[in-house]
Amino acid sequence: MADGSPQEHRKGQSCPPQKGFVMSRSENAIAAVIGLLSIPVMLLNFGGAIIGGIWLTILGNWGLLVLGLSSIFISSFGISFALMPGLLLFSAPGVFAMEKGRYVIGLLAALLGNLWTDAVMTVWCVGCFVVALGYYSDGSVWPYLLWAYGMATGPWTYMAAREGVIGIMGVILFASHPSIIDITIAFCIPISVVLILQVGMAIALVKSKDTFLSPA
């Protein structure tokens, strides 16, 4: 008897695959892979610098330990000062231009501001590894890498430096005698990916305004 409910499938007729269910499984698989890949990063974030510091203490490398601890205070002022030109010259004018409806100018200014931040980030993180490895002579390189990781990422807690720093560690571990250019490129690749994504989102935002022209 028909009661207004959806028509039932006949007996023996297979149900078509549910697309939504397949997409859900794919998303769960991607989330699982990302979760697994994030485990080493989490371990580095929570214990890398501590383990490296204890290891260097056992080795008696007090010079690098003092330098790393001092960088905590130096970076809080020095990096803020280095970022200031990008904020004043690009980021702040870009926000003002966006508020006035000048989206192209605002987008270009935001891009230049991000490039300035990435340049400062690159100099700091690469410099930390160059300085730390200057204390390395023989034995395991891991305590120096872990301590340099803490020095490099400390000031950039909420930015994208960790992926770049992990790239530097990978080059040092697997390449024979990497140069400063090598580790700089290893750092810049993931940073550039993040910057490209930011630009793409900004362009999408501008297009959503249905205009690239300033208001009349």
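This note sets out numbered points on a predicted model of a protein chain.

1. Overall architecture. The protein chain contains 6 helices and 0 strands. Followed along the sequence, its elements give the pattern α-α-α-α-α-α. Of contacts between residues at least 6 apart in sequence, 70% link residues at least 24 apart.

2. Burial and surface. The protein chain has 216 residues, and 27% of them are buried. The area that the chain exposes is about 14,300 Å², of which carbon and sulfur atoms supply 71%.

3. Confidence in the model. The mean pLDDT of the protein chain is 77, and 73% of the residues reach at least 70. Among the helices, how is confidence spread? The lowest confidence falls in helix 1, with a mean of 69, while the highest falls in helix 4 (residues 142–153), with a mean of 90.

4. Stretches to read with caution. Residues 18–23 have a pLDDT under 50, and the model gives this stretch 0 contacts beyond four places in sequence. Residues 211–216 also have a pLDDT below 50, but this stretch has 10 contacts in the model beyond near neighbours in sequence. As a general point, predicted coordinates should not be read in detail where pLDDT is low. The contacts of residues 211–216 are therefore to be treated with reserve, given a pLDDT below 50 there.

5. The aromatic pair in helix 2. There are 2 aromatic pairs in the structure. One of them joins Phe77 and Phe81 in a stacked arrangement, with 6.2 Å between the centres and 20° between the planes. Both residues belong to helix 2 (residues 62–99), where Phe77 and Phe81 are 4 residues apart, about one turn of the helix. Phe77 and Phe81 are both exposed. Tyr136 and Tyr144 make an edge-to-face aromatic pair, at 5.3 Å centre to centre and with 75° between the planes.

6. The setting of the tyrosine pair. Is each tyrosine of this pair buried or partly exposed? Tyr136 counts as partly exposed because its relative accessibility is 29%. Tyr144 has a relative accessible area of 6%, and is therefore buried.

7. Asn61 and its link to Tyr144. Asn61 is located in the loop between helix 1 (19–59) and helix 2. With a relative accessibility of 12%, Asn61 counts as buried. Its side chain makes a polar contact of 3.2 Å with the side chain of Tyr144. When neighbours within four places in sequence are set aside, Asn61 is in contact with Leu56, Tyr135 and Tyr144. Tyr144 thus appears in two settings, as the partner of Tyr136 in an aromatic pair and as the partner of Asn61 in a polar contact.

8. Ser71 in helix 2. Ser71 is placed in helix 2. Its relative accessible area is 8%, so Ser71 is buried. Not counting residues up to four places away in sequence, Ser71 touches Trp124 and Met151.

9. Thr184 in helix 6. Thr184 is found in helix 6 (residues 180–208). At a relative accessibility of 23%, Thr184 counts as partly exposed. Which residues does Thr184 contact, leaving aside its neighbours within four places in sequence? They are Thr122 and Val126. The C-alpha atoms of Thr184 and Gly167 are 9.3 Å apart in space, and the two residues are 17 residues apart in sequence.

10. Cysteines. Why does the search of the whole structure find 0 disulfides? A disulfide requires two cysteine sulfur atoms within 2.5 Å. The cysteine sulfur closest to that of Cys125 is in Cys128, at 6.4 Å, which is too far for a bond. For Cys188, the closest cysteine sulfur is in Cys125, at 10.0 Å, and this too is too far for a bond. The two residues also have their own accessibility values: Cys125 is buried, at 0% relative accessibility, whereas Cys188 counts as partly exposed, at 26%.

Note on methods
Residues numbered from 1 in each chain as written. Predicted model: local features only at pLDDT ≥ 70, side-chain atom pairs only at ≥ 80, totals over all residues. Heavy atoms only, no water. Phe/Tyr/Trp six-rings, centres within 6.5 Å; stacked < 30°, edge-to-face > 60°. Helix = DSSP H or I, 4+ residues; strand = E, 2+ residues; numbered from the N terminus. Buried < 20%, exposed > 50% of the residue type's maximum accessible area, 1.4 Å probe, protein only. Polar contact = N/O pair within 3.5 Å; in protein donor to acceptor, adjacent residues only side chain to side chain. Contact = heavy atoms within 4.5 Å. pLDDT = per-residue confidence, 0-100. Areas by Shrake-Rupley, 256 points an atom, 1.4 Å probe, with all protein chains shown as cover.
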